[in-house]
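User: I'm new to this structure and would like a close look at one part of it. Could you walk me through the place where the two chains meet, and then show me what lies around it?

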Amino acid sequence: MNPYNYLYLAALLFTIGAVGVVVRRNAIVVFMCIELMLNAANLTLVTFSRLNGNLNGQVVAFFTMVVAACEVVVGLAIIVAIYRSRRSASIDDASLLKR
Amino acid sequence: MVTSSSLVYLIGLPLFGSLFLLLMGRKADKWGHLLATAMSAGSFALGLAHFFAMTDRPTEERALTQVLFSWIKVGDFNVDAALLLDQLSISFVLLITGVGTLIHIYSISYMATDPNRRRFFAYLNLFVASMLLLVLGNSYLNLYVGWEGVGLASYLLIGFWNQKPAYATASKKAFVMNRVGDMGLSFAIMIAFATMGTVSFEGVKESVERAGTPALTAMGIMLLIAAAGKSAQFPLQAWLGDAMAGPTPVSALIHAATMVTAGVYLIVRSNFVFDAAPTAQLMVVIVGAITLIFGAVIGMAKDDIKKALAASTMSQIGYMILASGLGPAGYAYAIMHLLTHGFFKASMFLGAGSVMHGMNDEVNMRKYGGLRKFMPITFITFGLGYLAILGVPPFAGFYSKDMIIETALNAGGAKGIILGSLTLIGAAITAFYMTRVMLLTFTGKPRWDENAHPHESPALMWIPMVILSIGSVTSGLLLYRNDTFKNWLAPLFHDHAHHEELVPPIVVSALALTMVAIGVAIALMKYHFKEVAPVAPEDVSWATRFVRNDLGQDSLNETLFMKPGQAITRGLVAMDETVIDGAVRGVGSMAIESGSTLRRTQTGYVRAYAALIFVGALALLTAIWVVTQ
């Protein structure tokens, strides 16, 4: 099977994730879209690892997973904290930086 | 040169008095005037002691010096703060401290009701100290310090009653016009420094030979401008009339007897420069001749007694400047007239003050009349001063003024005839306007205001007037007899030329007296045998109007200098506001504008920031892709 198809799939997933981050208001969905983008990157890394015939890409993919796990922990904590204080999970409500 | 250690006290005493009184403040109000008078009198006593010591020494050892400290020392250039007391200086020292002390005494009574009398005396002492520094400095730079000091004292005293805006303006006018002259003096010092490398009188005198005529002419003209500013000579004469805003003792001391004669001192002191620069010398004569007529003409139309006397001062200093421009023949007579003028003009000014004192400070002579009976002492002292200024023998002015007329006539050729006739015409006009002052003030019917109660002034005021009038009777003869004063000053000047006597002195005296008689006769006709109106008549010829208007001196200055100056100032202010302030404000508002524009991108929505990051990353990638293709 042509390995470039994996790259196309990864680009598609990344785009879906990016658009999701930009257009969605729900913090949880935005969060999931970020995960989607990270996994698209992982897929790309693994594909390039396969194409180049070494394991560098697969190693970096593990790093990405660790970073993603940490990010989930911190991010979910922040979302829960915001939800508790504002009774809303919409990220547009948390726009205090404007003022 | 003999050195002395006591010269500094001549200046030090009044300077101490001035500073002490200013620093003590209101605490010294009760006795401040006594201290100031004592300081001035002490200085006079010291001056007298120096004078008698000087007469005992042989001619070549008469000059005294005292080096106070090394003032400026740069490479070869060295200026000491040093004093020089020679035959010329001592004449001034005695005049300044002598007349000064008398006027201090007079002011005790004249200013008795003024709440700021202590401050007045502090300024008077400051003036005496500065004037003494002016005549005692041994270099142009030391003289310059005193020169500015008297300018400051003059400014402070003209504007002493500065609660009246007109008086404050008058003091400012005097100060500004004096600055124009001072600029001339500073240029003269610069020329001396640049061409001769020295600014001391001794040094300049020795370097005159190698300085070259152009530099000396330039220096002479600059000195003349300085003298014109300080001595109210044409074309810088306009301030003197307004300077009469000051209290009358100030007018007597500063604007009649001493400070305004500093210009004559400067020219006579710089005799070596003018002797070597005939062009500058000629200009001195021209300025003197113009001013002596100019002042006299203005004096004819003045109804304000002090302004009439001020115009007369201007005219008399014109005589002195003219004499000092006639070279070695005239220097001694310039100073002699200066001394006699110091006596009789101070006496008349104090007389005017006494009249004002008795007439509720009224200065308009048309509101006087018939005061002879009410103020006999003032009338006699003023009258003696009047006879002296007219040049009636044997009063002081007869000797000093006739000698100037004689020297002018003896200048020879067309110059002699022109100058001689101008001085004679001046004498006639002087006789006219002084007689007018006498007649309007002391004779005729009273034209007083209803609430005027004329009375003789207290003894503290008339005693100085009496002493000064004795001076105005005797000083001329004392100085003239056996050429005493001429021989006294002779060692200072290089008088090698033989002076031809073109016109015999008796003819000169006869001519002068005839002119005086004509002037007196016209004045008698106009003001004695005719009724004098208590208000100045309005239906007068354009010429009278022009003279009343000070021959247009103020409007000329206004159109030529003041208005263009104001226009330039306004232009500069406008430029400052539009160009300079505009640039600064423009930078500020540009920052504000760009800030408020860029602020709109900061929405606070995380999504917007994320979108921007994506767009940016995409743009970057596209750019890299385009470049690497």
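Analyst: Let's start at the interface and then look at each chain in turn. Keep in mind that this is a predicted model.

So how many residues of each chain are in contact? On one side there are 9 residues of chain B, and they touch 12 residues of chain A. Putting the two chains together buries about 910 Å² between them, and carbon and sulfur atoms give 66% of that area. Three residues are good ones to pick out on your screen: B:Tyr605, B:Arg607 and B:Phe614. Together they supply 61% of the area that chain B buries against chain A, more than any other three residues.

One of those three deserves a second look. The side chain of B:Arg607 reaches the side chain of A:Asp92 in a salt bridge, with 2.6 Å from N to O. If you count salt bridges between chain B and chain A, you get 1. As for polar contacts, 2 residue pairs make them across this interface, with both residues at pLDDT 80 or more. And what kinds of residues does chain B bring to the side that touches chain A? They split into 5 nonpolar, 3 polar and 1 charged.

Now for chain A as a whole. UniProt, in an unreviewed entry, marks residues 6-23, 28-48 and 60-83 of chain A as "transmembrane region". In the model, residues 6-23 of chain A are 100% helix and 0% strand, and the C-alpha atoms at the ends are 25 Å apart. Residues 28-48 of chain A are likewise 100% helix, with 30 Å between their end C-alpha atoms.

Over in chain B, there's a sheet to find. Its 3 strands run in the order β1-β2-β3, the sheet is open, and the pairing is mixed. At the edges sit β1 (2-3) and β3 (77-85) of chain B, each paired on one side only. β1(B) pairs with β2 (residues 64-74) of chain B in the parallel sense, over 2 bridges. To see that pairing up close, find B:Thr3, which stands opposite B:Thr65 in β2(B).

Last stop, still in chain B: an unreviewed UniProt entry lists residues 71-121 of chain B as "domain: NADH-Ubiquinone oxidoreductase (complex I) chain 5 N-terminal". In the model that span of chain B is 57% helix and 25% strand, and its end C-alpha atoms lie 30 Å apart.

Terms used: Residues are numbered from 1 along each chain as its sequence is written. Chains are lettered from A and ligands numbered from 1 in the order in which they are written. This is a predicted model: local features need pLDDT of at least 70, side-chain atom pairs count only at pLDDT 80 or more; totals for chains, interfaces and linings use all residues. Side-chain values use heavy atoms; hydrogens and water are left out. Contact means heavy atoms within 4.5 Å. Buried area is the accessible area (1.4 Å probe) that two parts lose on being put together, summed over both. A salt bridge is a side-chain nitrogen of Lys or Arg within 4 Å of a carboxyl oxygen of Asp or Glu. A polar contact is a pair of N or O atoms within 3.5 Å; within protein, one must be able to donate a hydrogen and the other to accept it, and residues adjacent in sequence count only if both atoms are side-chain atoms. Ala, Val, Leu, Ile, Met, Phe, Trp, Tyr, Cys and Pro count as nonpolar, Asp, Glu, Lys and Arg as charged, and the others, Gly among them, as polar. UniProt positions are given in the numbering used here, feature names are shortened, and annotations may be inferred rather than shown by experiment. Helices (H or I, at least four residues) and strands (E, at least two) are DSSP runs, numbered from the N terminus. Two strands pair if DSSP finds at least two bridges between them.
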